[in-house]
Each structure stands twice: as C-alpha cells, then as structure tokens.
Amino acid sequence: MTFKTRSTIACFLLSNLSIPAFSQSNVIIYGAIDAGVMSISGLPIGNIGYLPTTKISSGKTVFKDGGSGASVWGLRGKEDLGGGLSAIFQLQAAYNSSTGVVGAGNSSGQVSFFNHFSTVGLAGGFGEIRVGRQASPVFFSLAATDVRQARNFGSALTALVGLNSASGAYIGNNSNAAFSSIYNDRSINYRSPTWNNTTFTLHYAFGPSGGKEDSQQSASILYKNGGLSLSGLIYNGYGNNLSSATTAFTLREGNAVAGAAAARSAGFSESANTNRLGGAGALYSRDKYTVSAGYYLARNPSKAIVPGGSASMNQWSIGVGYRMNALNNLTAAYYRIDDNTNNGHYAEQLVLGFDYFLSKRTMAYLGGAITKNKGENMGLSPLYASPVAANKNNAAVMLGIRHTF
C-alpha cells in the first residue's frame, strides 16, 4: 500500500468521525378494514347531506363500510433524539372498503388523502406536541366514557352528528361541523403527561387566513383509575358552519346570491361564534359489567340560525355492558337529544350491540338500533355518514367484521 493510498484512507476515516451519528426512525404500518351488510329504514329523498328533509324513501339493504369504525391505513414513527426527547409523526387515511377509494373531505371540503392525521411533533417528559391535521380532543373524550366507545353504529359519535344535523346548518361534506369538530386542519395539539391518573389536552386550529376567523379552540380532561374513567370537554369555534348555512339559505331563496346574502343577514360569517360544545362523561367497569353516562350542551352563542334549525340543544346518554367471557361482549345504550330552540322537538335512540372476538385482531359484530325523531329538524341516524329523514322514525340492523393490522 503506497503512502498516498494510506493517506487517502486516513483522511476518509477522520472525515467520517466528524459526522454526527443519527438514530434511525422506527416506522410502523398499521390499519383496519371494516365492512358488513346493513338493513335500514327511514332514508331521505333528495337530501343534501345532513340538511334536514322530511321526504322519506323505503328501506334498503346495502353493503356498508365502517360499521364499527372507519377503515383506515397509516404510518407512524418515532425517532429518539436523546435526552428523553423524541420526534414523532403520523399519517392516517380513511378508505372505503367497498370501493377502495381513499380520502375524504377536509375542513374546507376538498378531498384530503390523509384526512385523519397528517402530523409531526415532539414527545418527552413534558408530554406531547403535534402539529398538522389531526383529531380534536372531542372524539377521545366521547370514546373514553361511552360504553359503545363512540363507534360508527349507535354511539355518542352518532348522537353528536344528530346534534349537528338538528342545527340545520350542517351538510357533512367537510370536517367543520356546526357543533364541535372531530378533525381539524392547521391545528396544534398538546397532551400532558399523566399525573395523578389525570391527563389534559389543549387544541387550537388556525383559520386559513389566521386570526379569529374560522379558528377553533378546545380542551379536554381525562381521569382514569382502575375501572373508573371520567371525562370533560369544551369546544369553541368561529365561522365553522357558514358554507353549510349558505347552502341551506340558497335552497330556501332559490339562488346562490340571495342565499349568501340571507345567511350573512341571519348572522353567519367567518368570525361569528356559532360553535360551542361542552360536557362530561363517566364510565365504570367492574368484573364483567360496565356502566356509562354522558351529558353535553350544544350552543350557538351568536344565535345565528337557519329557519327551522336550532341554536341550543342538550344531549345525554346512559349505557350498560356485559362481557360474557373473553370472546363475547354485549352492550346496550340510550341516547337522547332535546331541542331548546324548538319546543317539543327531540330525538331518542336505543342501541344493542354484540361483539364476538375471533382473535385479538379480528372481531365480528352485530348491531341493532331504533330511533324516534320528533320535529322537522330532527334526523338522528343510527349510523355515521348515513343521513336519514327528519321527523321520521327509523331502524337499522348491521352485521359486519373488523380486522386490524
């Protein structure tokens, strides 16, 4: 080996010693596929999303995606940065198991590929900070204290959708609802470490132009000790339902220009405080039995209202569960919505569900629900993303299977 060669090798080794060693990211691919067959009555005719209509069609039996929860796939990862600090990320997309189509509407109504999560952040002893599109604390708070776990079929989640539909200013073509939101664009989320069995979350979603317009703020607290779980949440938003209210007024006025003017005349705007939800829930499990209860207040502080809609509603629920053995679980729950704006308007739903665990990752499920809707703005549906006719009773049965990976 010549002196020149030895010098070249030595320089190469020395130069590489000066390059810091970076740790590798731990990336996980995960997901779920959920599908089944559903028979449902009380379907609407000529509806636009969740805008209430009393026109009703006959019942149908259909293939249905996501009877228990959404079909999703995603990537999540974590990189150790040293000193107890880690970089984290998550990308998650919903897809329709019946067609394979991926993505859904984001906060502006555009189709978003990673419509559930598109976040990056830091985690450590201080807790966890995530930025990007992500779930708000509302969903996790509902799920933690609902015996039905905020499932897609008959749960606190479907009751929340019923609240939004009854406002008369919610279509469902984007993730900004009339009362709270499940997913938010442009958001910052902080989750604390668990201290004395208590965890709290703070969430802020920026509007597209910054400032108060179209912004949303929320906070939740969760206490868990043994079989007892307690949750509380508060959600506030500005301008979230302007586009849906404009659509509702356009239908009433007959043209888009008059509809937009009427919506703003009624008080809807990008900065109007039209969105507030607060409430609390409790769940207790002992041996084979579980009980749950929740109470939530939906308010429109600006009092901007679509004719026939509501600016003030209460929603409450009770539920029981019985785990017969490690493979079988039975749940039953009752959900009720009371309209404070329109006297005598209400909706109530009784749900019964049975789960059979074929393995740790595969579950077969059977659910049944009957719903009573009283009032022309009341259209509580038994299944998420399935509008029903308002002021009409409905019933549904679904048999499905869910596999996670």
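Over how many bridges do β13 and strand β14 pair, and in which sense? In this predicted model, β13 and strand β14 (residues 289–299) pair over 11 bridges in the antiparallel sense.

## Strands β12, β13 and β14

The pairing of β13 with β14 takes the form of a hairpin that has 2 residues between its strands, and D287, which sits in the turn, has a positive phi of about 55°. Within this hairpin G281 stands opposite G294, a residue of β14. Strand β13 (residues 275–286) is also joined to strand β12 (residues 228–237), with which it runs antiparallel through 10 bridges. One of the residue pairs here brings together N236 and its bridge partner in β13, R276.

## The nonpolar cores and the nonpolar patch

The largest nonpolar core has 44 residues, and those with the most contacts inside it are V138, L277 and M313. Helix α3 (residues 156–166) gives the most to this core, contributing 7 residues. A second core, separate from the largest one, has 12 residues, including A169, I171, A248 and A263.

On the surface, a nonpolar patch of about 610 Å² is made by L81, V120, L122, F126, I129, V131, I188 and F206. Two elements, β7 (117–124) and β8 (127–135), give two or more residues to the patch. Another member of the patch, L81, is found in strand β3 (residues 72–82). Is L81 buried, partly exposed or exposed? Its relative accessible area is 43%, so L81 is partly exposed, given that this class lies between the limits of 20% and 50%.

## Aromatic pairs

The structure holds 11 aromatic pairs. In one of them, the rings of F113 and F114 have their centres 4.9 Å apart, and because their planes stand at 80°, the pair is edge-to-face. The limit that matters for this reading is an angle over 60 degrees. F113 is partly exposed, with a relative accessible area of 43%, and together with F114 and W73 it forms one aromatic cluster.

The rings of F139 and F140 make another edge-to-face pair, with centres 5.7 Å apart and planes at 75°. Both residues of this pair have some exposure to the outside of the chain in the computed values: F139 counts as partly exposed at 24% relative accessibility, and F140 is partly exposed as well, with a relative accessible area of 48%.

## Salt bridges

A search of the whole structure finds 8 salt bridges. Side chains of opposite charge can pair when their charged atoms come close. The table lists some of these pairs with the distance between nitrogen and oxygen.

| Acidic residue | Basic residue | N to O distance |
|---|---|---|
| E128 | R130 | 2.8 Å |
| D185 | R133 | 2.5 Å |
| D355 | R151 | 2.6 Å |

The salt bridge between D185 and R133 links distant parts of the chain, since D185 belongs to strand β9 (residues 183–191) and R133 to strand β8, 52 residues apart. Both D185 and R133 are buried.

Which parts of the chain does the pair of D355 and R151 tie together? D355 lies in strand β17 (residues 346–357), whereas R151 lies in the loop between α2 and α3, so this pair ties together parts that are 204 residues apart in sequence. D355 is buried, with a relative accessible area of 2%, and R151 also counts as buried, at 11% relative accessibility.

Salt bridges that share partners join E128, R130 and R191 into one network. Of the residues in this network, E128 is buried, with a relative accessible area of 14%, and R130 counts as buried at 16% relative accessibility.

## T145 in the loop between α2 and α3

T145 has its place in the loop between α2 (137–144) and α3. Is T145 buried or exposed? With a relative accessible area of 3%, T145 is buried, because a residue counts as buried when its relative accessible area is under 20%. From C-alpha to C-alpha, T145 and Q92 are 24 Å apart in space, while in sequence they are 53 residues apart.

Technical notes: Residues numbered from 1 in each chain as written. Predicted model: local features only at pLDDT ≥ 70, side-chain atom pairs only at ≥ 80, totals over all residues. Heavy atoms only, no water. Patch = residues over 30% accessible without salt bridge, like charges linked within 9 Å, V, L, I, M, F, W, Y side chains within 5 Å. Areas by Shrake-Rupley, 256 points an atom, 1.4 Å probe, with all protein chains shown as cover. Salt bridge = Lys/Arg side-chain N within 4 Å of Asp/Glu carboxyl O. Helix = DSSP H or I, 4+ residues; strand = E, 2+ residues; numbered from the N terminus. Buried < 20%, exposed > 50% of the residue type's maximum accessible area, 1.4 Å probe, protein only. Pairing = 2+ DSSP bridges. Core = buried A, V, L, I, M, F, W, Y, C linked by side-chain atoms within 4.5 Å. Phe/Tyr/Trp six-rings, centres within 6.5 Å; stacked < 30°, edge-to-face > 60°.
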